[in-house]
Amino acid sequence: MTTAEIRDIAHHIDHTCLSPTATTSDIVNACLEAYCVEAASVCIPPCYVKEVRNILDEVPDRKPKVCTVIGFPHGQNGFKRFSFYCYSFCLRLLFIK
């Protein structure tokens, strides 16, 4: 597989850093890696969305999108709790930046 073919595939892949023990440094490294491989997005825990968005705003050219998860990893929350998390997160997004 050529480098060009790998890059074409990378544009469709999310680069993730979802470890419950991830540090801010780990998250920043994930952003850098996602940018370097030209990933479609960098997927991080919800508590880092604002910080990652600010980091990626400083990146020139093609930058990965910010992606997050709700109810990860097991998704064992009931519908009402999941709905509350989604609603709360969407409200927080309105006030980012």
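A residue counts as buried under 20% relative accessible area, as exposed over 50%, and as partly exposed in between. I6, at 46% relative accessibility, therefore falls in the partly exposed class. That residue is taken up again below, in a tour of what is a predicted model.

**The whole chain**

Begin with the entire chain in a cartoon view. Four helices and three strands make up its secondary structure, and along the sequence they follow the pattern α-β-α-β-α-β-α. The C-alpha trace spans about 45 × 30 × 25 Å along its principal axes. Switch to a surface display: the accessible surface comes to about 6800 Å², and carbon and sulfur atoms account for 60% of that area. Of the 97 residues, 23% count as buried. Among contacts between residues at least 6 apart in sequence, 61% join residues at least 24 apart.

**Helix α1 and the nonpolar patch**

Select M1, I6, I9 and I13. Together these residues make a nonpolar surface patch of about 410 Å². Within the patch, I6 belongs to helix α1, which covers residues 3-10.

Move on to H12, in the loop between α1 and β1. H12 is exposed, at 68% relative accessibility. A distance drawn from the C-alpha atom of H12 to that of T2 gives 16 Å for two residues 10 apart along the chain.

**The sheet**

Next, select the three strands. They form an open sheet in the order β1-β2-β3, with parallel pairing. Which strands stand at the edges? They are β1 (14-16) and β3 (65-68); each has a single partner strand, so one side of each is left without a neighbour in the sheet. From one strand to the next, the twist averages 30 degrees.

Display the backbone for the pairing itself. In general, strands of a sheet pair through backbone hydrogen bonds, either parallel or antiparallel. Here β1 and β2 pair in the parallel sense over three bridges; on this side of the sheet, H15 has V42 of β2 as its bridge partner. Strand β2 (residues 41-44) is joined to β3 by four bridges, and these two strands also run parallel. Select I44 to find its bridge partner in β3, T68.

**Side chains of β2**

Keep β2 selected and show its side chains. S41 and C43 point one way from the strand, V42 and I44 point the other way, and all are buried.

Centre the view on S41, in strand β2. Is this residue buried or exposed? S41 has a relative accessible area of 5%, and it is buried because that value is under the 20% limit. Leaving aside residues up to four places away in sequence, S41 touches I13, D14, H15, A34, P64, K65 and C67. One of these contacts, I13, is also a member of the nonpolar patch visited earlier.

**Helices against the sheet**

Now add helix α2 (residues 24-36), which lies across β1 and β2 and runs at about 160 degrees to β2. Helix α3 packs on the sheet as well, touching β2 and β3, and its direction makes about 170 degrees with that of β3.

Within α3, select V49; the helix covers residues 49-57. V49 is buried, with a relative accessible area of 7%. From V49, draw a distance to F79: the C-alpha atoms of these residues, 30 apart along the chain, are separated by 23 Å.

**Two loop residues with positive phi**

The last stop concerns backbone angles. Most residues other than glycine have a negative phi. Select E38, in the loop between α2 and β2. Although E38 is not a glycine, its phi is positive, at about 60 degrees. E38 is partly exposed, with a relative accessible area of 25%.

Then select D61, in the loop between α3 and β3. D61 likewise is not a glycine and has a positive phi of about 60 degrees. Where E38 is partly exposed, D61 counts as exposed, at 70% relative accessibility.

Methods:
Residues numbered from 1 in each chain as written. Predicted model: local features only at pLDDT ≥ 70, side-chain atom pairs only at ≥ 80, totals over all residues. Heavy atoms only, no water. Buried < 20%, exposed > 50% of the residue type's maximum accessible area, 1.4 Å probe, protein only. Patch = residues over 30% accessible without salt bridge, like charges linked within 9 Å, V, L, I, M, F, W, Y side chains within 5 Å. Areas by Shrake-Rupley, 256 points an atom, 1.4 Å probe, with all protein chains shown as cover. Salt bridge = Lys/Arg side-chain N within 4 Å of Asp/Glu carboxyl O. Pairing = 2+ DSSP bridges. Axes fitted to C-alpha atoms, helices over the stretch in contact; angles between N-to-C directions. Contact = heavy atoms within 4.5 Å.
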